[in-house]
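Let's take a look at how a protein meets its DNA. The model is below.

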Amino acid sequence: MRIGELAERTNVPTRLLRYYEEQGLLSPNRAANGYRDYPEELVDRVTQIRGLLDSGVPTRIIKQILPCLDDPCTIHVTDATPELIASLEQQRDQMDARIRCLARNRDAINAYLDVVRRDTH
DNA sequence: TTTCTTACA
DNA sequence: TGTAAGTA
């Protein structure tokens with residue numbers, strides 16, 4: 001499929017699909033006219049990349065674990081280099097921090113909602 | 001019409 | 001990331 005279709009199916013703008021390619025996250029084939037040609041499997045891969053990016057994982061690290069990504073939300077390391085282990089541990093810590101931050105804001109919003117409901121009702 | 005590259009905000 | 005220009 002061409003970039004436009006992949007963009008629609010993944011909800012990722014074409015601008016970003018080209019950017020991910022530039023970062024080494026994607027490597028589509030080229031048609032005779034120069035258009036990028038993506039295989040079906042890339043739909044899931046792009047979804048996976050989006051998930052990691054939205055979790056705060058930088059493209060440079062995604063690039064490292066990309067070959068370890070299979071089914072949705074699955075990461076299995078086969079070539080665990082010390083550097084990769086270190087960066088993954090750092091990423092995990094950053095994720096934990098974000099999760100705690102989100103949890104606090106969620107709780108704060110819930111508390112606010114509770115008082116609003118009490119006043120309104 | 002869609003995609004491509006390059007470049008700027 | 002979004003958008004613009006000029007093509008193929």
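Which residues surround DNA strand C? They are Pro13, Arg15, Leu16, Tyr19, Tyr35 and Arg50, where being near a strand takes a heavy atom within 4 Å of it.

A quick note on the ground rules: this is a predicted model, with local features needing pLDDT of at least 70 and side-chain atom pairs pLDDT 80 or more, while totals for chains, interfaces and linings use all residues. Residues are numbered from 1 along each chain as written, chains are lettered from A and ligands numbered from 1 in written order, and side-chain values use heavy atoms, without hydrogens or water.

Back to DNA strand C: of its atoms within 4 Å of the protein, 31% belong to sugar or phosphate and the rest to bases. H2 gives the largest share of this surface, 3 residues.

Now for DNA strand B. Its neighbours are Arg2, Ile3, Gly4, Arg15, Arg18, Arg30, Gly34, Tyr35 and Arg36. Here sugar and phosphate make up 83% of the strand's atoms within 4 Å of the protein. Helix H1 (3–10) and helix H2 (14–22) each supply at least two residues of this surface; helices are DSSP runs of H or I, at least four residues, numbered from the N terminus.

Here are some polar contacts (pairs of N or O atoms within 3.5 Å):

| Protein atom | DNA atom | Distance |
|---|---|---|
| Gly4 backbone N or O | strand B phosphate oxygen | 2.7 Å |
| Arg30 side-chain N or O | strand B phosphate oxygen | 2.9 Å |
| Arg15 side-chain N or O | strand C base oxygen | 3.0 Å |
| Arg50 side-chain N or O | strand C phosphate oxygen | 2.8 Å |

Terms used:
Polar contact = N/O pair within 3.5 Å; in protein donor to acceptor, adjacent residues only side chain to side chain.
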